[in-house]
Amino acid sequence: MVNGKLNGRVGRGILTVSSFVIFFLIWQVASQIFGIRPVILPTPVAILRELASSPGWYLLQGWYTLLTTLAGFGLAVVIGVLLSILIVEVKILDSTLYAFILALNTVPKVAVAPLFVIWLGTGSQPKIAISFLIAFFAIVIDAVLGLRSVPPEMLDLAATLRGGRWDVLRRIRFPCALPSLFAGMKVAMSLALVGSVVGEFVASEHGLGYVILAAQGTFDTPRVFAAIFVLAAGGMVLFWILSLLERRVMPWHASLQVRH
Amino acid sequence: MVIMAQARATPEGAATTDRASAPVHVEAVGVCKHYGGRESVQALGAISLTIAKGQFISILGPSGCGKTTFLRCIAGLEKPSGGTLAVGGQTVDRPPSDMGMVFQRDVLLDWRTIYDNIFLPIEFRHESRKPYEKRAQELLKLFGLAGFDRHFPPQLSGGMRQRAAICRALIADPSLLLMDEPFGALDAMTRDQLNVELQRIWQATHKTVVFITHSIPEAVFLSDRIEVFSPRPGRIALSLDIDLPRPRRMAMRHEPEFNHYCSKIRELFEDMGLFQEE
Ligand SMILES: Nc1ncnc2c1ncn2[C@@H]1O[C@H](COP(=O)(O)OP(=O)(O)O)[C@@H](O)[C@H]1O
Ligand SMILES: [Mg+2]
């Protein structure tokens with residue numbers, strides 16, 4: 001019935017947007033009916049009003065956080081992909097470096113955040129470092145998984161073509177790893193955002209994390225929520241950009257999806 | 001064992017003289033293969049055979065008898081546990097350079113168009129595409145893929161994908177073509193079609209072909225000689241020259257001569273106990 005019509009891309013978009021609208025409607029109506037105080041939970045309308053009162057300022061704070069996130073994410077992708085190539089290509093690194101990285105991954109990275117302030121000061125470096133650290137593991141783990149997901153027959157084919165390591169990596173392993181790498185990058189992007197906010201919590205004079213912390217100090221709950229809204233919107237846009245990029249880079253993947 | 005000895009002792013007809021005098025392309029002497037360490041499986045008995053340049057040889061045998069293993073040894077993908085194996089006079093210790101291989105599954109790269117898939121061997125040789133472009137077009141046309149060169153593999157049927165895999169194996173014009181049950185997954189109609197196409201291209205180019213199949217008529221239709229393997233560990237149970245005029249036509253499969261070869265192999269399989277009739 002409804003499903004039949006709302007299966008396409010546009011249909012799914014409509015469903016997603018309407019679920020958001022319904023969520024905010026319930027929130028708005030419920031807080032009015034139950035008379036929830038704004039200091040506990042402001043209504044969506046109040047949050048939007050707060051955003052509209054100084055949009056430029058929120059955008060600027062968001063810009064800081066965005067730059068930190070992108071720097072941390074970018075570093076994580078570059079270093080993570082390079083390391084995973086080494087791990088896959090150099091046998092000894094699997095049981096040493098990779099095993100070490102997997103073990104380190106169990107350490108809660110946020111707990112290390114204050115250390116970075118001691119090591120790197122209060123500038124943008126410690127925030128980028130935290131953002132990088134949190135995102136890095138998702139990239140390495142998924143990239144290694146992807147680089148190893150090559151069907152053995154494909155490696156046989158490459159062997160009969162007398163392919164050198166670099167050829168096999170570039171023309172076979174890497175494209176095989178892309179779907180997995182993109183999955184890792186999507187996770188890493190959200191984690192990088194978490195990392196920069198945590199960095200701004202620990203020591204900062206700007207960015208959305210700082211806004212939240214400062215507003216919390218004065219019980220300015222609408223401002224806290226306004227910053228969270230900007231964060232959420234930014235996170236969604238970043239995720240959407242990655243999905244778009246994924247479709248551009250892997251058109252064959254899209255063609256697979258159309259058939260099945 | 002007795003069957004094999006008998007079969008070896010009565011070679012069917014003499015090889016056509018011109019090919020018998022052609023230079024040796026593949027020579028196996030006592031090639032055997034064990035897999036695994038302690039509980040090792042002997043996949044391949046001692047295989048000795050000689051393939052002349054330009055010959056079309058089929059390897060026929062029950063599944064699990066070591067056909068793929070033997071072909072992988074020729075391809076340099078597997079190291080024999082014993083015996084010697086030479087391609088073009090050189091001991092195989094890595095994949096020979098002048099060889100193309102078609103696998104049971106097409107192994108096309110989904111992220112490349114059919115055209116780009118076909119050029120993979122050229123890219124791996126770090127050669128320019130230019131000199132091969134005409135050949136690629138010819139191959140695409142010969143195998144009925146013209147107009148599909150911009151498609152991605154998932155958009156094609158199984159038969160078309162396997163055709164593309166054959167084009168890929170042929171693009172660099174190798175003198176040795178190894179094919180491991182290339183048509184095993186295809187429907188009978190497509191299979192017949194591809195058999196005819198393969199024969200045509202072989203007649204035009206006279207490559208040495210080692211072709212694995214478990215279809216008796218397919219082997220008889222295509223081959224100069226059929227090597228029938230015994231159940232695991234595979235040994236050569238029968239080496240059968242097929243003296244049928246070429247080009248062979250599909251209709252020949254109903255002629256008595258053709259069926260004579262088929263029933264000869266079928267009887268051998270029956271003697272091996274491979275067909276259990278209730
Ligand atoms: N990599 C391997 N490791 C262990 N055993 C193998 C391996 N490859 C094949 N075998 C075994 O060797 C035997 C021959 O296999 P194969 O050459 O694939 O037979 P065929 O192609 O004739 O069906 C089978 O019993 C199979 O289980
Ligand atoms: Mg096999």
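Visitor: Which residues in helix 6 (residues 133-142) of chain B are called buried, and what does the word require?

Guide: They are Ala136(B), Leu139(B) and Leu140(B). Buried means under 20% relative accessible area, exposed over 50%, and partly exposed in between, with a 1.4 Å probe and protein chains only. The helix is a DSSP run (H or I, at least four residues; strands are E, at least two), numbered from the N terminus. This is a predicted model, where local features need pLDDT of at least 70, side-chain atom pairs count only at pLDDT 80 or more, and totals for chains, interfaces and linings use all residues, while side-chain values use heavy atoms without hydrogens and water. Residues are numbered from 1 along each chain as its sequence is written, with chains lettered from A and ligands numbered from 1 in the order in which they are written.

Visitor: How do you know where the buried residues of helix 6 of chain B lie around its axis?

Guide: Seen down the axis, they fall within an arc of 100 degrees, so they line one face of the helix. The arc is that of the directions from the helix axis to the C-beta atoms. The face turned away carries the exposed residues Lys134(B) and Lys141(B).

Visitor: What covers the buried residues of helix 6 of chain B, and what follows the helix?

Guide: The cover includes helix 4 (114-118), helix 7 (158-170) and helix 8 (188-205) of chain B. Gly144(B), with a positive phi near 65 degrees, follows helix 6 of chain B.

Visitor: Why is Ser21(B) counted as buried or exposed?

Guide: Its relative accessibility is 59%, so Ser21(B) counts as exposed. Ser21(B) is in the loop between helix 2 (17-20) and strand 1 (24-35) of chain B. Ala52(B) is 31 residues from Ser21(B) in sequence and 8.0 Å away in space, C-alpha to C-alpha.

Visitor: And why is Leu193(A), in helix 9 (residues 165-202) of chain A, called buried or exposed?

Guide: Leu193(A) has a relative accessible area of 15%, so it is buried. Leaving aside residues up to four places away in sequence, Leu193(A) touches Thr65(A), Thr69(A), Leu231(A) and Gly235(A); contact means heavy atoms within 4.5 Å. The C-alpha atoms of Leu193(A) and Ala71(A) are 10 Å apart, with their positions 122 residues apart along the chain.

Visitor: What makes a set of residues a nonpolar core, and which members touch the most others in the largest one?

Guide: A nonpolar core consists of buried Ala, Val, Leu, Ile, Met, Phe, Trp, Tyr and Cys residues joined through side-chain atoms within 4.5 Å. The largest has 83 residues, and Phe70(B) and Leu178(B) touch the most other members. Helix 7 (residues 125-147) of chain A gives the most to this core, with 14 residues.

Visitor: How do you know where this core lies relative to domain 1 and domain 2 of chain B?

Guide: Domain 1 (1-10 + 22-98 + 176-278) and domain 2 (106-174) both give residues to this core, so it lies between them. The bounds come from an automatic or database domain assignment. The domain centres, taken over C-alpha atoms, are 26 Å apart. Their contact takes 15 residues from domain 1 of chain B and 14 residues from domain 2 of chain B.

Visitor: Which helix gives the most to the lining of the second largest pocket?

Guide: Helix 11 of chain A does, with 11 residues. The space in this pocket is about 510 Å³.

Definitions and conventions
On a 1 Å grid over the protein atoms alone, a cavity is a set of points where a 1.4 Å probe fits but cannot get out, and a pocket is an open set with protein on both sides within 12 Å along at least five of seven lines; lining residues have an atom within 4 Å of a point. Grid points are joined across faces, edges and corners, and a volume is the space filled by probe spheres set on the points.
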